[in-house]
Amino acid sequence: MRRRWLIGLVVVGTIVAVVFGGAFAFQRKLIYLPSGGQPPSAAEILPGGRDVTFTTDDGLRLAAWYFPVPDARATVLVAPGNAGNRSVRVPLARALTGNGLSVLLLDYRGFGGNPGSPTEEGLKLDARAAWRFLVREAGVSPGDLVYFGESLGAAVVSELAVRQPPKALVLRSPFTDLAAVAKRHYPFLPVRMLLLDTFPVVEYVSRERAPVTVVYGTADSIVPAEQSEAVADAAGATVVEVPGADHNDMALLDGRLLIDAIVEQALRPR
């Protein structure tokens, strides 16, 4: 009886170790979901679009799309979520340029044909390189920059804003930190012990000096609405609720409430 109990304990322990070990080893495959393939030319997407590149501090040369608007009222740096590539954000760029705003659609390392593999530290470097391009090469004044981050991208631009304060910050469907949202989807795992990437959004936004707007869907099944509300509370942010919207609904890609929130911050006096 004792022997069978010990064997059972070993088997259970082995299964637990395999599950936890697999979750640890492959976690970034679960977090980052880039689309393969090379996106088309920016000029094929929108008139006046430019294919641009910039180099990160660790030596990666990243491709992005820049859509400059003559006499733009502001420039929006778009940091995407954890999936797809810049092609998915074309409706957003079209809506923003139609409102007189220039747009840079960033693709992280490993996304949209870019070299490298995504990590938290890597994405921070990617956003900093995009900022340098806009300010030093495109000639955009830092005071005319609006950062827009969707979901995971909200964490990326929140960290960038601490280093390089923008005119304003718009966060779409932000989570409080990565562990909090991971715990919702993997409640059987000790995610705080396992995660290599943390993205502490609340910590970042509590240090922001720029005005912040948080936009979220009330029916979000990926990032619970209460997490976005907690981010807004920590930032003292303006809140825009999109009734009935889930995480990947079109209303949260280029819907009127979202676009109006970005434009309103872009037009804010310095």
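1. Helices and strands are named here as DSSP runs, numbered from the N terminus, and two strands are taken as paired if DSSP finds at least two bridges between them. With that in place, and bearing in mind that this is a predicted model, the comments below go through a hairpin, the salt bridges, a charged patch and two backbone angles.

2. The hairpin is built from strand S2, residues 50-55, and strand S3, residues 61-67, which run antiparallel to each other and are joined over six bridges. Within this pairing, Phe54 stands opposite Leu62 of S3. Five residues lie between the two strands of the hairpin, and Gly59 there adopts a positive phi near 90 degrees.

3. Past the hairpin, the loop that leads from S3 to strand S4 (74-79) holds Asp71, which deserves a check of its backbone, since its phi is positive, near 55 degrees, in a residue other than glycine. The side of the matter that concerns solvent is plain: Asp71 has a relative accessible area of 76% and is therefore exposed, the cut-off being over 50%.

4. Ser173 is a further residue that is not a glycine and yet has a positive phi, of about 55 degrees. Ser173 is placed in the loop between S8 and helix H7 (178-185). Is Ser173 buried or exposed? Its relative accessibility is 0%, so Ser173 counts as buried.

5. Eleven salt bridges are found when the whole structure is searched. One of them joins Arg86 to Asp107, with the closest N and O atoms 2.7 Å apart. Arg86 belongs to the loop between strand S5 (83-84) and helix H4 (90-98), while Asp107 belongs to the loop between strand S6 (101-105) and helix H5 (120-137), so that the pair ties together parts lying 21 residues apart in sequence. Both partners, Arg86 and Asp107, are buried.

6. A salt bridge also links Arg172 with Glu150, and here the closest N and O atoms are 3.8 Å apart. Because Arg172 lies in strand S8 (residues 168-172) and Glu150 in strand S7 (residues 145-150), this contact ties together parts that are 22 residues apart in sequence. Arg172 and Glu150 are both buried.

7. For the salt bridge between Glu203 and Arg207, the closest N and O atoms are 3.9 Å apart, a value to be read with the cut-off of within 4 Å in mind. How accessible are the two partners? Glu203, at 43% relative accessibility, counts as partly exposed, and Arg207, at 47%, likewise counts as partly exposed. Elsewhere, Asp58, Arg109 and Asp126 are joined into one network by salt bridges that share partners.

8. On the surface, a patch of negative charge is formed by Glu226, Glu229, Asp233 and Glu241. Which element gives the largest share of this negative patch? Helix H10, residues 225-235, does so, with three residues. Asp233 has its place in this helix H10, and with a relative accessible area of 64%, Asp233 is exposed, because the limit is over 50%.

Definitions and conventions:
Residues are numbered from 1 along each chain as its sequence is written. This is a predicted model: local features need pLDDT of at least 70, side-chain atom pairs count only at pLDDT 80 or more; totals for chains, interfaces and linings use all residues. Side-chain values use heavy atoms; hydrogens and water are left out. Helices (H or I, at least four residues) and strands (E, at least two) are DSSP runs, numbered from the N terminus. Patches are made of residues with over 30% relative accessible area and no salt bridge: like charges are joined within 9 Å, nonpolar side chains (Val, Leu, Ile, Met, Phe, Trp, Tyr) within 5 Å. Accessible areas come from the Shrake-Rupley method with a 1.4 Å probe; for residues, only the protein chains shown count as cover. A salt bridge is a side-chain nitrogen of Lys or Arg within 4 Å of a carboxyl oxygen of Asp or Glu. Lys and Arg count as positive and Asp and Glu as negative; His and the chain ends are not counted. The place of a charge is taken as NZ of Lys, CZ of Arg, CG of Asp or CD of Glu. Buried means under 20% relative accessible area, exposed over 50%, partly exposed in between (1.4 Å probe, protein chains only).
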